[in-house]
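Me: I would like a close look at one part of this predicted model: its strands, and the side chains that link them to other parts of the chain. Please take me through it in one connected answer.

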Amino acid sequence: MELHRRVGWHMNSRRTFLQQSSGAVLAFATAKTLPAPALAPRQGDSITIPGEDGMIVRSSRFFDLESPVEYFDRWLTPVPHFFVRNHMHEPSELSEQIWRLTVGGEVDKPITLVLTDLRKLASHSVVNTLECAGNGRSLHRPQVPGIQWGKGAVGTAKFSGPRLKDLLQQAGVKTSGKHVMFRGLDEVPGKVPPFIRSIPIEKALDSDTLIATHMNDAPLTKHHGFPARALVPGWVGAASCKWLTEIKVLDSEFVGNFMSPGYRFPNQPVKPGDSVKPEDTHVVTGLNVKSVISGPLDGSTLKAGKLTVHGAAWAGEAEVVKVEVSIDGGSSWNAAELGHEQSRYAWRLWAYSWNSKPGDYAIRSRATDNQGRVQPAEAVWNPSGYLYNAVDEVKVHVA
């Protein structure tokens, strides 16, 4: 079965994406809002800008762009269709000539590298599904503040560059080194804290954790972290710091706004609408098991006969082993066919053939991984709206 082709009804509607709330603001955005440019796109608009085709604006201030789900029809997401997530302003000036990357902290020999130094190191490639921790935030009920992502803050690409462990071994990590911190060149507005994250040394030394310089065999574009970014496969996108300029080995987890209270998940279930104390939370790391229907689109009118329901499914560091599709709103489930292309950390495309008859239908999909996790009927609500992974649903009319 061909899983890459676009189907005829594919571009009928994007209304699912255009109904998202525009009232929420970033929890940490305390600085005065910068003046908007003339004719600035509104949140939820579908736009075409150079290098970013037909994307959906979630923030024009910090440039956050969402991919329409109909773009999830191929294993590797083209860079122009890949979502963009920024916590603050992108660097205004970047060049190979002035860029430097330092490695320091709990190391024997601090080092500074330029881009040509990275190119001399052995390159490794990882196909990774990168997903924002807040993907699907707008679907939580009650809604929570933050960028109101629909379903499209996710994409899969081949990332290439030297292994992080090769740089750390060159610097010589001391026995006291337990965590590795990343700092990028984001331009911080006002009093907003800088975007700094850290990961445990075990993940940093994993052979698939990279300092990526290429995406889908081409140099990184500015929106995706040129000239180099961290790539922490299978984990939430926030771990993969863009425009990387500093790597620092620490004796403990980094203490800062984007480690706590940001990017943390409750240790225990929280009643929807309730708050939670930071000390009762843990750092968000790996992605959940999840599937998304990329066609037919929600609200579509289809012609009766043989139709294909298709989409993508992923599970972070785990492997998707099954995707099921329901045509009757979850009363019964049928196995979908998984695409042949697969790699650890990467989504699986899937498709289900359906001999449709006239009527109204609620089509659902759910994925299962090799750890036994099954996509739930309802996502676990949390005050930050992280890791939404409820069974996906689209409603269609068959004429």
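What follows goes from sheet to sheet and takes up the side-chain links along the way.

Reply: Since the model is predicted, what follows describes computed geometry. A good place to begin is the open sheet of 5 strands, which are ordered E18-E25-E24-E20-E21. The pairing in this sheet is mixed. Its edges are taken by strand E18 (301-302) and strand E21 (334-335). Each of these has a single partner strand, so one side of E18 and one side of E21 have no neighbour in the sheet.

Within the sheet, look at E24 and E25. Strand E24 covers residues 359-369 and is joined to E25 by 7 bridges, the two running antiparallel. One residue helps to locate this pairing: Tyr361 has Val396 in E25 as its bridge partner. In a regular strand, side chains alternate between the two faces of the sheet.

Tyr361 also has a ring partner. It forms an aromatic pair with Trp354, with 4.9 Å from centre to centre and 80 degrees between the planes. That geometry is edge-to-face. Trp354 has a relative accessibility of 7%, so it counts as buried. The structure has 8 aromatic pairs by the rule used here.

What does the other strand of this pairing, E25, contribute? Strand E25 (residues 392-398) holds Asp392, and the side chain of Asp392 meets that of Lys151 in a salt bridge, with 2.7 Å from N to O. Lys151 is in the loop between strand E6 (123-131) and strand E7 (154-162), so the pair ties together parts of the chain that are 241 residues apart in sequence. Both ends of this bridge are buried. Asp392 has a relative accessible area of 6%, and the relative accessibility of Lys151 is 14%. The cut-off for buried is under 20%, which explains why both fall in that class.

The loop with Lys151 leads to a second sheet, since E6 and E7 lie on either side of that loop. Here 4 strands make an open sheet, in the order E6-E7-E11-E12, with antiparallel pairing. E6 and strand E12 (218-219) are the edge strands, each with a single partner, so one side of each lacks a neighbour in the sheet. Further in, E7 and strand E11 (residues 214-215) run antiparallel and are joined by 2 bridges. Ser160 has His214 in E11 as its bridge partner. There is also an aromatic cluster to find, in which ring pairs link Phe82, Phe83, Trp149 and Phe159.

A third pairing is the hairpin of E2 and E3. Strand E2 (residues 52-59) has 7 of its 8 residues buried, so the rest of the structure largely encloses it. E2 pairs with strand E3 (residues 64-66) over 3 bridges in the antiparallel sense. The hairpin has 4 residues between the strands, and Phe63 in this hairpin has a positive phi near 65 degrees. Across the hairpin, Ser59 is opposite Asp64 in E3.

Asp64 has a further link. It forms a salt bridge with Arg85, in which the closest N and O atoms are 3.2 Å apart. Arg85 lies in the loop between E3 and strand E4 (101-105), so the bridge ties together parts that are 21 residues apart in sequence. Asp64 and Arg85 are both buried.

These two salt bridges belong to a set, as the structure holds 13. Another one joins Arg183 and Glu246, with 2.7 Å from N to O. Arg183 is in strand E8 (residues 179-184) and Glu246 in strand E14 (residues 244-250), 63 residues apart. Are the two ends of this bridge buried or partly exposed? Arg183 counts as partly exposed, with 31% relative accessibility, whereas Glu246 counts as buried, at 18%.

Two more arginines complete the picture. Arg264 is in strand E15 (residues 264-266) and counts as buried at 15% relative accessibility. Its side chain makes a polar contact of 2.8 Å with the side chain of Thr281. Beyond its neighbours within four places in sequence, the contacts of Arg264 include Glu253, Met259, His282 and Tyr386. Arg366 has a ring for a partner: it lies over the face of Trp333, 4.1 Å from the ring centre.

Key. Residues are numbered from 1 along each chain as its sequence is written. This is a predicted model: local features need pLDDT of at least 70, side-chain atom pairs count only at pLDDT 80 or more; totals for chains, interfaces and linings use all residues. Side-chain values use heavy atoms; hydrogens and water are left out. Buried means under 20% relative accessible area, exposed over 50%, partly exposed in between (1.4 Å probe, protein chains only). Two strands pair if DSSP finds at least two bridges between them. A polar contact is a pair of N or O atoms within 3.5 Å; within protein, one must be able to donate a hydrogen and the other to accept it, and residues adjacent in sequence count only if both atoms are side-chain atoms. Contact means heavy atoms within 4.5 Å. A salt bridge is a side-chain nitrogen of Lys or Arg within 4 Å of a carboxyl oxygen of Asp or Glu. Rings of Phe, Tyr and Trp (its six-membered ring) pair if their centres lie within 6.5 Å; planes under 30 degrees apart count as stacked, over 60 as edge-to-face and the rest as tilted. A charge sits over a ring if NZ of Lys or CZ of Arg is within 6 Å of the ring centre and within 35 degrees of the ring normal.
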